[in-house]
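Student: Got a minute to go through this one with me? I'd like to start with the ligand and work outwards.

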Amino acid sequence: MSDDGTDPKDDRRPLTRLAQAGRRPEWTGMPGQPGGIVSPPVWRASTILYDDVAHLRKAAASSTHERLFYGRKGTPTAWSLADALTEMEPEAAGTMLYPSGVAAIGCALMAVLKPGDRLLMVDSAYDPTRNFCEQVLRPWGVETVYYDPTIGEGIAGLISDNTRAIFLESPGSLTFEVQDVPAITAIARDRGVTTLIDNTWATPLYLPALSLGVDISILACTKYIVGHSDVMMGSVSATEAWFPRLRQTAYLFGQMVSPDDAWLAARGLRTLGIRLRQHQDSALAIARWLEEQPEVARVLHPGLPSSPGHALWQRDFSGATGLFSFVLKGGDEKARAALIDGLAHFGIGYSWGGFESLALPVDPARYRSATRWEAEGPAVRLHIGLEDPADLIADLDAGLARFRAAA
Ligand SMILES: *Cc1c(COP(=O)(O)O)cnc(C)c1O
């Protein structure tokens, strides 16, 4: 393996990469001493000291990437995490870290767009992504046009002379439509349009987005990378063509993460593979069970053959994670609240990706403009954590009984 992880002969499988990534000897050892520690420690720094004025001048005149320069440019703790995320994303030239997933999305869009440009945004996008388009990009002079997540090759008809970028999120994190990523990226490359994806649900472990032709892949690390519901963070990995510009934009906006947070995220990353496998197994078991319940109209989980996106999911993804929704048959807001409020093993809260289960009422109609959300009743989003799925099913069974009684 080469130091920068770009060895073309590197055939390590993803789980092996997860265990080894980001552990460069210069970040885990002492100069001039053999051996070293396993994980890069927390390097806290603002000021970096130079030997003399000549050293200071030389440092300022050369690249500051992955070199101690000033605290804002990071220390080995953050570089190690970024490097590990780059190793997890085939085709990535580098990764930048941000204090939240939303900061990562905003900064990636700012790196690509300029006033006068048009952005194509998937209609099922995470709600704050839409807010960024409307409240930051629009006043800045970038027009956002929303498109149907199932548009596939039809995206070609929406590309005009000033279309600069297409933003994807697959599956959508409330309604779980799967996008035809290779069809969209092939057309985008052909027309010179840049593609970005919010890959938080699948992570590069289950959807190697850049290998499917995406230029820029964004993760809310807050979710599965951290995995323990105790750190906010975002990351953006990009191809060789886009990474320098992405990095410069992050520097200009002063984006960085604390070394303590980077260290916690790196600790979470090591177990991503086994956590996702368990999230996947438990969520699929619960989704299949829900599908058979008379109170449930539909389960929105791409891993189920009944899901409209199942064929695309099977073709492009190597796994499913723990987040999905279901639509109730009839019933109102009050009946849905009766279901959720009495759950013993599900917290009620935003976010997801931690070890614990969560339930959330979702109302997708409020966040769409290019498509219409039509449903048989109210919807609930579940994040299936690492608890025993039998306990979660018993809990949901009692919840559906409460729903029935209240409906
Ligand atoms: C949570 C989330 C984000 C934003 O991440 P934060 O760290 O909360 O800012 C972005 N995209 C998706 C799909 C998310 O679920």
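Student: Which residues come nearest to the ligand?
Tutor: This is a predicted model, so read every value as computed from it. There are 14 residues around the ligand, and Gly101, Val102, Asp198, Thr222 and Lys223 come nearest.

Student: Which helix gives the most to that shell?
Tutor: Helix α5, residues 101–112, with three residues.

Student: And how does the shell split by class?
Tutor: Six residues are nonpolar, five are polar and three are charged.

Student: What sits 2.6 Å from a nitrogen atom of the ligand?
Tutor: An N or O atom in the side chain of Asp198. Lys223 also has a polar side-chain atom at 2.6 Å, but its partner is an oxygen atom of the ligand. Trp352 places a polar side-chain atom 3.0 Å from a ligand oxygen.

Student: How much of the ligand's area does the protein cover?
Tutor: On its own, the ligand has 380 Å² of accessible area, and the protein covers 93% of that.

Student: Back to Lys223. What does UniProt list for it?
Tutor: The unreviewed UniProt entry lists Lys223 as a modified residue, N6-(pyridoxal phosphate)lysine.

Student: Where is Lys223 in the fold?
Tutor: In the loop between β6 (216–220) and β7 (234–238).

Student: Is Lys223 buried or exposed, and why?
Tutor: Buried, because its relative accessible area is 8%, and the cut-off for buried is under 20%.

Student: What is Lys223 in contact with, leaving aside neighbours within four places in sequence?
Tutor: Thr200, Ser351, Trp352 and Gly353. Trp352 is also a residue with a polar side-chain atom 3.0 Å from a ligand oxygen.

Student: Ser351 is on that list. What is its phi?
Tutor: Near 70 degrees, a positive value in a residue other than glycine. Ser351 lies in the loop between β10 (347–348) and β11 (358–362).

Student: Why does Ser351 count as partly exposed?
Tutor: Because its relative accessibility is 31%, and partly exposed runs between 20% and 50%.

Student: New topic: backbone oddities. Which peptide bond is cis?
Tutor: The one from Ser170 to Pro171, with omega near -10 degrees. Pro171 is in the loop between β4 (163–169) and α7 (181–190).

Student: What else is in that loop between β4 and α7?
Tutor: Phe176 lies there. Phe176 is not a glycine, yet its phi is positive, about 65 degrees.

Student: Buried or exposed, that Phe176?
Tutor: Buried, at 3% relative accessibility.

Student: What follows α9?
Tutor: Gly254, with a positive phi near 65 degrees.

Student: Which residues of α9 are buried?
Tutor: Helix α9 covers residues 243–252, and its buried residues are Phe243, Leu246, Thr249, Ala250 and Tyr251.

Student: What covers them?
Tutor: The cover includes β1 (94–98), α5 and β7. You met α5 earlier as the helix that gives the most to the ligand's shell.

Student: Let's move to Asp123. Where is it?
Tutor: In the loop between β2 (118–122) and α6 (127–140). Asp123 is buried, at 0% relative accessibility.

Student: What does the side chain of Asp123 reach?
Tutor: The backbone nitrogen of Ser369, at 3.0 Å.

Student: And what does Asp123 touch, not counting residues up to four places away in sequence?
Tutor: Ser369 again, along with Tyr367, Arg368, Ala370 and Thr371. Arg130, Tyr146, Tyr147 and Pro149 are also on the list.

Student: Ser80 next. Which helix holds it?
Tutor: Helix α4, residues 76–88. Ser80 is buried, with 4% relative accessibility. Beyond residues up to four places away in sequence, Ser80 touches Gly22, Trp27 and Pro40.

Student: Last one: Ala297. Which strand is it in?
Tutor: Strand β8, residues 296–300. Ala297 is partly exposed, at 26% relative accessibility. Leaving aside neighbours within four places in sequence, its contacts are Val327, Leu328, Lys329 and Glu376.

Student: How far apart are Ala297 and Trp43?
Tutor: They are 52 Å apart in space, C-alpha to C-alpha, and 254 residues apart in sequence.

Notes: Residues are numbered from 1 along each chain as its sequence is written. This is a predicted model: local features need pLDDT of at least 70, side-chain atom pairs count only at pLDDT 80 or more; totals for chains, interfaces and linings use all residues. Side-chain values use heavy atoms; hydrogens and water are left out. UniProt positions are given in the numbering used here, feature names are shortened, and annotations may be inferred rather than shown by experiment. Helices (H or I, at least four residues) and strands (E, at least two) are DSSP runs, numbered from the N terminus. Buried means under 20% relative accessible area, exposed over 50%, partly exposed in between (1.4 Å probe, protein chains only). Contact means heavy atoms within 4.5 Å. A residue is near a molecule or strand if one of its heavy atoms lies within 4 Å of it. A polar contact is a pair of N or O atoms within 3.5 Å; within protein, one must be able to donate a hydrogen and the other to accept it, and residues adjacent in sequence count only if both atoms are side-chain atoms. Accessible areas come from the Shrake-Rupley method with a 1.4 Å probe; for residues, only the protein chains shown count as cover. Ala, Val, Leu, Ile, Met, Phe, Trp, Tyr, Cys and Pro count as nonpolar, Asp, Glu, Lys and Arg as charged, and the others, Gly among them, as polar.
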